[in-house]
Amino acid sequence: MVGNSRSNGTRAYEKIQQSVLKQIRNHQMKPGDPVASERELARVHGVSPMTARHALALLEREGVVERRPGAGTFVAPPRIHFNKLMSYTEQMGSRGLAPQSKIVLNKIIEDEQEVAARLGLPAASRMVKIERVRHAAGEPFALETCYLPANEFAGVVEAPLALTSLFATLEHDYNVKIAYADEEVDATVAEGRVAQLLGVPTGVPLLRIRQVIFSSKSKPVIYVLGLYKSERHSLFIRRMR
């Protein structure tokens, strides 16, 4: 079969996938740009149209492209897939995109009893609170608020979290290995400050995810409240580090 032919260990359809991904990583194509047709991809790569169709179908399944009936195939806006416990930096890296975050708040607080309880802390505990607006393709798509026990991680307020991963900071600077998360998922709507930060009208549907993230020692280390533009995310059930 043409689709299973190999050259240097790479299948023909994989070469097409790699070619499209490389153009996206190199900013030769951006979200909304058209992707070559199946016929054109087949001609350029010397494969059958069926092989080119298979490559595009796999890219669509991964959220890299979107196919519009009667119009063609286009580069899709970045989507986050919650099938694995990954940092935002890792998620963007898996798509060949540079992570972009804006820190809205990064300070030590001590007045959020419900959050303290989720982290197994006394009600009046001091915690690090970090609010970041996540961007992809130049536009905001999520507002994430993270809380950590200040008695262990007060130094996180000095970390350059607009440029680096919180997971990586904990692993490299505190020897904390992130293992798994318990989470609650529901729907909400954008209101007030949240709508303003995400650049959406009031009332737009959002995906809300509350996570308690545990270390490899089964100790809760981060509580995350994430508000995400629902059209940019795909949710799966199993979640492991």
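Me: What makes the lining of the second largest pocket 4 nonpolar, 3 polar and 4 charged residues?

Reply: In this predicted model, Glu 152, Phe 153, Tyr 174, Asn 175, Val 176, Lys 177, Ser 215, Ser 216, Lys 217, Lys 219 and Val 221 line that pocket. Phe, Tyr and Val count as nonpolar, Glu and Lys as charged, and the others as polar, so the lining divides into 4 nonpolar, 3 polar and 4 charged. The volume of the pocket is about 160 Å³.

Me: Why is the set of 19 residues called a nonpolar core?

Reply: A nonpolar core takes buried residues of listed kinds, Val, Leu and Ile among them, joined through side-chain atoms within 4.5 Å. The largest such set has 19 residues, and Leu 148, Val 156, Leu 166, Leu 170, Ile 178 and Ile 222 have the most contacts inside it. Its 19 residues therefore count as one nonpolar core. Strands S8, S9, S10 and S12 and helices H6 and H7 each supply at least two of its residues.

Me: Which residues does Leu 170 touch, not counting those up to four places away in sequence?

Reply: Leu 170 touches Leu 148, Phe 153, Val 156, Asn 175, Val 176, Ile 178 and Ile 222. Contact means heavy atoms within 4.5 Å, so each of these has a heavy atom within that distance of Leu 170.

Me: Which residues does the second core include?

Reply: The second core is separate and has 18 residues, including Ile 16, Val 35, Val 47 and Leu 56.

Me: How many of the 241 residues count as buried, as a percentage?

Reply: Buried means under 20% relative accessible area, and 44% of the 241 residues count as buried.

Methods:
Residues are numbered from 1 along each chain as its sequence is written. This is a predicted model: local features need pLDDT of at least 70, side-chain atom pairs count only at pLDDT 80 or more; totals for chains, interfaces and linings use all residues. Side-chain values use heavy atoms; hydrogens and water are left out. Buried means under 20% relative accessible area, exposed over 50%, partly exposed in between (1.4 Å probe, protein chains only). Helices (H or I, at least four residues) and strands (E, at least two) are DSSP runs, numbered from the N terminus. On a 1 Å grid over the protein atoms alone, a cavity is a set of points where a 1.4 Å probe fits but cannot get out, and a pocket is an open set with protein on both sides within 12 Å along at least five of seven lines; lining residues have an atom within 4 Å of a point. Grid points are joined across faces, edges and corners, and a volume is the space filled by probe spheres set on the points.
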